[in-house]
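Trainee: I am new to this structure and would like to learn how to read its features. Could you walk me through some of them?

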Amino acid sequence: MTSADPGRVVAPDLRGFGRSDRPIDVTAYKLRNAVADVTGLLDALGIEQAHVVGHDWGAAVAWLTAIVCPDRVSKLVVLSVPHPLTPTTTRQQEMAWYTLFFQFAGVAEETIRYDDWAWMGTFGRGDGDPSQSIADLARPGALTSALNWYRANLAPRPPGPPPSLPPVAAPTLAIWSDGDHYLDGERMRQSAAYVDGPWRYEQINGASHWIPLDAPDRLNELLLDWLRDLGGLRD
């Protein structure tokens, strides 16, 4: 997040990650609580409105913050994760198999940790070095906290109509990478239908899901262009 002060950047750890607290209750990881964390942090820092940038679960939090707290978000940047109301695709259902596996509390943890975290290497498909992720997840309670995000927000539910959400008013930059094994880029492009503000879509070729690690220079170029000015027209 960046405030109206162009020299001020805030990079918080979401619940359960980094140095943030790791609540035991699964419901503590619901997105609505993460949005409250964002607005609470802005209040504590005296920031009335900010540019909000998020990747992966951070992008899901960023989308929802812009939807339910539009007065707090001046510009929005979302990496990899589409708008929450974007219809799923067959390809996305195939890509997201692991979100069902993560629902099995205890079993998922033991499988991931087994044989010196061998599952992480297989799941990562050779994208980057998993050693840092393993070091982070090996801390007490960290793995379960990370999986609780999926358990709180992506647990299977009976079919029904989607919730009614207002469109995003903030100027929105959406970024997806063509090497993403977990998220379908078509859904990111379709997210334009849920944004009333100026919209821009960018695809970074040759990068995996981990855009900040694989393409930091291109990502920073896009961020600076968008956040300094409007950065493009709807396409």
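Mentor: Happy to help; we will go through aromatic rings, a helix, some backbone angles and the surface. Keep in mind that this is a predicted model.

Trainee: Let's begin with the rings. How many aromatic pairs does a search of the whole structure find?

Mentor: The search turns up 17 aromatic pairs. Take Tyr98 and Phe123: their ring centres are 5.1 Å apart and their planes meet at 65 degrees, so this pair is edge-to-face. The cut-off to remember is that planes over 60 degrees apart count as edge-to-face.

Trainee: Which parts of the chain does that pair link?

Mentor: Distant ones: Tyr98 belongs to helix 4 (residues 97-101) and Phe123 to helix 5, with the two positions 25 residues apart in the count along the chain.

Trainee: Are Tyr98 and Phe123 buried or exposed?

Mentor: A residue counts as buried when its relative accessible area is under 20%. Tyr98 has 9% relative accessibility, so it is buried. Phe123, at 17%, is buried as well.

Trainee: What kind of pair do Phe102 and Tyr150 form?

Mentor: Phe102 and Tyr150 make an edge-to-face pair, with 4.9 Å from centre to centre and 70 degrees between the planes. This pair also links distant parts of the chain, 48 residues apart: Phe102 is in the loop between helix 4 and helix 5, while Tyr150 is in helix 7 (residues 142-153). Phe102 is buried at a relative accessible area of 5%, and Tyr150 is buried at 13%.

Trainee: Which residues form one aromatic cluster?

Mentor: The cluster includes the four residues we just met, Tyr98, Phe123, Phe102 and Tyr150. Among the other members are Phe17, Tyr29, Trp57 and Trp97.

Trainee: What sits over the ring of Trp176?

Mentor: That would be the charged end of Arg189, 5.9 Å from the centre of the ring.

Trainee: Now a helix. How far does helix 2 reach from its first C-alpha to its last?

Mentor: Helix 2 (residues 57-68) has 12 residues and spans 17 Å, close to the 16 Å expected at 1.5 Å a residue. Next, look at its surroundings: 11 of the 12 residues are buried, so helix 2 is largely enclosed by the rest of the structure. Trp57, Trp63, Leu64 and Ile67 are among those buried residues.

Trainee: How should I read a backbone angle such as phi?

Mentor: The general idea is that most residues other than glycine have a negative phi. Here, Asp115 has a positive phi, near 55 degrees. Trp117 has a positive phi too, near 65 degrees.

Trainee: Where do Asp115 and Trp117 lie, and which is buried or exposed?

Mentor: Asp115 lies in helix 5, and Trp117 is found in helix 5 as well. Asp115 is exposed, with a relative accessible area of 53%, whereas Trp117 is buried at 11%.

Trainee: How far is Arg151 from Ala105, in sequence and in space?

Mentor: They are 46 residues apart in sequence, yet 8.6 Å apart in space, C-alpha to C-alpha. Arg151 is found in helix 7 and is buried, with a relative accessible area of 10%.

Trainee: Finally, the surface. Which residues make the nonpolar surface patch?

Mentor: Leu100, Phe104 and Val107 make the patch, which covers about 290 Å². Of these, Val107 is found in helix 5 (residues 107-124).

Methods. Residues numbered from 1 in each chain as written. Predicted model: local features only at pLDDT ≥ 70, side-chain atom pairs only at ≥ 80, totals over all residues. Heavy atoms only, no water. Patch = residues over 30% accessible without salt bridge, like charges linked within 9 Å, V, L, I, M, F, W, Y side chains within 5 Å. Areas by Shrake-Rupley, 256 points an atom, 1.4 Å probe, with all protein chains shown as cover. Salt bridge = Lys/Arg side-chain N within 4 Å of Asp/Glu carboxyl O. Helix = DSSP H or I, 4+ residues; strand = E, 2+ residues; numbered from the N terminus. Phe/Tyr/Trp six-rings, centres within 6.5 Å; stacked < 30°, edge-to-face > 60°. Buried < 20%, exposed > 50% of the residue type's maximum accessible area, 1.4 Å probe, protein only. Lys NZ or Arg CZ within 6 Å of the ring centre and 35° of its normal. Expected span 1.5 Å × (residues − 1).
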